[in-house]
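Here are some notes for a colleague who is meeting this structure for the first time. Please read them with the sequence and the model side by side.

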Amino acid sequence: MHEISPKGSGDGMKIGLALGSGAARGWAHIGVIRALRDEGIKPDVVAGCSIGAFVGAALATGNFDKLSAWIEKLGWQTVVSFLDVSFRGGLIKGDKIIAHFEREFVDMDFSETLLPFGCVATELQTGREIWFREGSVAKAVRASIALPGLFAPVIRDGRVLVDGGLVNPVPVSLCRAMGADVVLSVDLGSDIVGRARRRLHKPITDLSEEEAEKSWADRLLERLGLKNGAKEEVQPLPSMIDVLNTTINVMQVRIARSRMAGDPSDVNICPRVGQLGPMDYHRAAEAIAEGEAAVARVMPAIRYALGREQGDEHE
């Protein structure tokens, strides 16, 4: 029996949920969806970008609870087991994680989903924004999560596709195009640039013992055979992966702000998950808890957007 009802909870209004990009920070989407569900709020349409496409696909296909249970048990060793090394287009092929995703959570056509679903990718050659609304859900998600430099691009219909966060990190516009009257967006980048700046510019002598330990980037480089496991002195410059990740973060934050200024959501939910690195998928508990907290912070605005009085009973 599916846990997602095809009928929303907006008193006649069609509710759209736009789930943004953010790699491992995206597990905050789990907390957001749970908190909304506890309030009796269920989306009528779902749009996702990158990790938002990953979680959104599970929600739209009725696999949300199954995905949540798997994520909460995810350890670093399991994360590492999905890293299929590649040096063509990215450090990781991404085939293993998508094969698992397709087998366990999503194995259907867009036309078969319980909720209307769409996701965003970027055509690398032209920079065009690509909206997926038909064909294989899993293949569309694979294109949407192809973070440049980390995951290898996807070739589909002769086009080279990469992460949708390059053009539309929080796909409010796609939600509107799919017929949403009220859009609740989830922006995972509200605090990442400031945290990165503080970390990258902090004097080495001020680093705590915990901060001096191996970062997610160090562990990934070791897994890929690009760095030995011996403990090294902390260097004044960040690693290549840290620089690439921070550069993408800055770019996506600027793009998201620009896009949402022109096409704002009705309520923007902003989990504070800047402390999580892009490969910290094993730290789901932190992200989920912050997703729930982020909904609580803006719940009055959500109720107002949905036309509910403060004392209304949940449906």
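1. Among contacts in the chain between residues at least 6 apart in sequence, those that join residues at least 24 apart make up 78%. Please keep in mind throughout that this is a predicted model.

2. As for the general make-up, the chain has twelve helices and ten strands, and of its 315 residues 55% are buried. The accessible surface of the chain comes to about 14100 Å², and carbon and sulfur atoms account for 52% of that surface.

3. Glutamate 290 deserves a careful look, and one may ask whether this residue is buried or exposed. Glutamate 290 lies in helix H12, which covers residues 284-305, and it counts as buried because its relative accessible area is 14%, which falls under the 20% cut-off.

4. The side chain of glutamate 290 makes a polar contact, at 2.5 Å, with the side chain of arginine 297. Leaving aside residues up to four places away in sequence, glutamate 290 touches Cys270, Pro271, Arg272 and Val273 as well as Arg297.

5. Cysteine 270, one of the residues that glutamate 290 touches, counts as partly exposed because its relative accessibility is 25%, whereas cysteine 175 counts as buried because its relative accessibility is 0%. A search for disulfides across the whole structure finds zero.

6. Turning to the aromatic side chains, the structure holds three aromatic pairs, and one aromatic cluster is formed by Trp27, Phe54 and Tyr281.

Definitions and conventions:
Residues are numbered from 1 along each chain as its sequence is written. This is a predicted model: local features need pLDDT of at least 70, side-chain atom pairs count only at pLDDT 80 or more; totals for chains, interfaces and linings use all residues. Side-chain values use heavy atoms; hydrogens and water are left out. A disulfide is a pair of cysteine sulfur atoms within 2.5 Å. Buried means under 20% relative accessible area, exposed over 50%, partly exposed in between (1.4 Å probe, protein chains only). Helices (H or I, at least four residues) and strands (E, at least two) are DSSP runs, numbered from the N terminus. Contact means heavy atoms within 4.5 Å. Accessible areas come from the Shrake-Rupley method with a 1.4 Å probe; for residues, only the protein chains shown count as cover. Rings of Phe, Tyr and Trp (its six-membered ring) pair if their centres lie within 6.5 Å; planes under 30 degrees apart count as stacked, over 60 as edge-to-face and the rest as tilted. A polar contact is a pair of N or O atoms within 3.5 Å; within protein, one must be able to donate a hydrogen and the other to accept it, and residues adjacent in sequence count only if both atoms are side-chain atoms.
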